[in-house]
Amino acid sequence: MVRRALKHLFTPDWVARRAFPPHTLRALEQAIRDSEIKHRGEIRFAIEAGLSPAHLRISTRERARQVFAQLGVWDTEENSGVLVYVQLVDRRIEIVADRGIAQRVAQAEWDAVCRAMERAFKRRDYQTGSLAAVGTVTDILARHFPASGANPNELPDKPALL
């Protein structure tokens with residue numbers, strides 16, 4: 001517990017920028033923009049290096065839920081927001097889906113996307129792993145919330161560095 005806390009407290013924010021440099025962030029933003037043409041869902045991608053002391057006592061899943069709320073992913077017309085949350089120090093990824101999607105997609109399907117990303121990240125292949133995850137999330141959303149009629153972009157496509 002102490003070792004984990006020290007890792008978080010002494011990990012600078014630039015660690016996230018090293019793993020996700022500007023060209024990777026732009027590629028993710030474009031992938032999300034392209035994705036949202038195919039479905040009525042909204043995807044947010046958030047990356048966090050170290051956690052603050054206040055967040056060390058909670059699980060990665062709970063932190064992802066906090067970020068989901070903080071970024072307003074819940075605030076879509078059809079409750080069709082999805083957050084892909086990357087916690088770099090703990091090397092954990094969580095996907096949180098709003099209630100409109102959660103009742104149609106089993107958590108195990110989201111967890112499989114997370115584990116695939118973690119395998120890519122273990123090889124330090126952040127861009128490929130992230131883009132593949134956005135592609136899989138796109139397929140899931142297109143299956144359950146296909147694009148039809150008006151399809152406004154309700155949330156920013158740019159990944160959030162926390």
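Biologist: Which helix holds both E118 and R115, and how many residues apart are they?

Modeller: The general idea is that an α-helix has 3.6 residues a turn, so residues three or four places apart point the same way. In this predicted model, E118 and R115 both belong to helix α6 and are separated by 3 residues, about one turn of the helix. Their side chains meet in a salt bridge, with an N to O distance of 2.9 Å. R115, at 26% relative accessibility, counts as partly exposed, and salt bridges that share partners join R61, R92, E94, R115 and E118 into one network.

Biologist: Which other salt bridge involves E118, and which parts of the chain does that pair link?

Modeller: The side chain of E118 also meets that of R92 in a salt bridge, at 3.7 Å from N to O. This pair links distant parts of the chain, as R92 is in strand β3 and E118 is in helix α6, 26 residues apart. R92 in turn meets E94 in a further salt bridge, at 3.6 Å from N to O. A search of the whole structure finds 12 salt bridges.

Biologist: Are E118, R92 and E94 buried or exposed?

Modeller: The cut-off to keep in mind is that buried means under 20% relative accessible area. E118 has a relative accessibility of 17%, so it counts as buried, and E94 is likewise buried, with a relative accessible area of 8%. R92, at 30% relative accessibility, counts as partly exposed.

Biologist: How should I read the surroundings of a buried residue such as I93, and which residues does I93 touch?

Modeller: One looks beyond the sequence neighbours, to what the chain brings into contact. I93 lies in strand β3 and is buried, with a relative accessible area of 1%. Leaving aside residues up to four places away in sequence, I93 touches V84, Y85, V86, C114, R115, M117, E118 and F121. As for A64, it is 29 residues from I93 in sequence, while the C-alpha to C-alpha distance between the two is 8.6 Å.

Biologist: Which residues of helix α4 are buried, and on which side of α4 do they lie?

Modeller: A helix can be read by asking how its buried positions are distributed around the axis. In helix α4, which spans residues 60-70, the buried residues are T60, R61, R63, A64, V67 and F68. They cover an arc of only 160 degrees around the axis, which puts them on the same side of α4. What covers these buried residues includes β1 (42-48), β2 (81-87), β3 (92-97) and α6 (107-122). After α4 comes G72, whose phi is positive, near 70 degrees.

Biologist: What is the volume of the largest pocket, and which residues are closest to its centre?

Modeller: A pocket is best described by its volume, by the elements that supply its lining, and by the classes of the lining residues. Here the largest pocket has a volume of about 420 Å³, and of the 17 residues that line it, L88, V89, R91, R124 and Y126 are the closest to its centre. At least two lining residues are supplied by each of α2 (14-19), β2, β3 and α6. By class, the lining of this pocket has 8 nonpolar, 2 polar and 7 charged residues.

Conventions
Residues are numbered from 1 along each chain as its sequence is written. This is a predicted model: local features need pLDDT of at least 70, side-chain atom pairs count only at pLDDT 80 or more; totals for chains, interfaces and linings use all residues. Side-chain values use heavy atoms; hydrogens and water are left out. Buried means under 20% relative accessible area, exposed over 50%, partly exposed in between (1.4 Å probe, protein chains only). Helices (H or I, at least four residues) and strands (E, at least two) are DSSP runs, numbered from the N terminus. The arc is that of the directions from the helix axis to the C-beta atoms. Contact means heavy atoms within 4.5 Å. A salt bridge is a side-chain nitrogen of Lys or Arg within 4 Å of a carboxyl oxygen of Asp or Glu. On a 1 Å grid over the protein atoms alone, a cavity is a set of points where a 1.4 Å probe fits but cannot get out, and a pocket is an open set with protein on both sides within 12 Å along at least five of seven lines; lining residues have an atom within 4 Å of a point. Grid points are joined across faces, edges and corners, and a volume is the space filled by probe spheres set on the points. Ala, Val, Leu, Ile, Met, Phe, Trp, Tyr, Cys and Pro count as nonpolar, Asp, Glu, Lys and Arg as charged, and the others, Gly among them, as polar.
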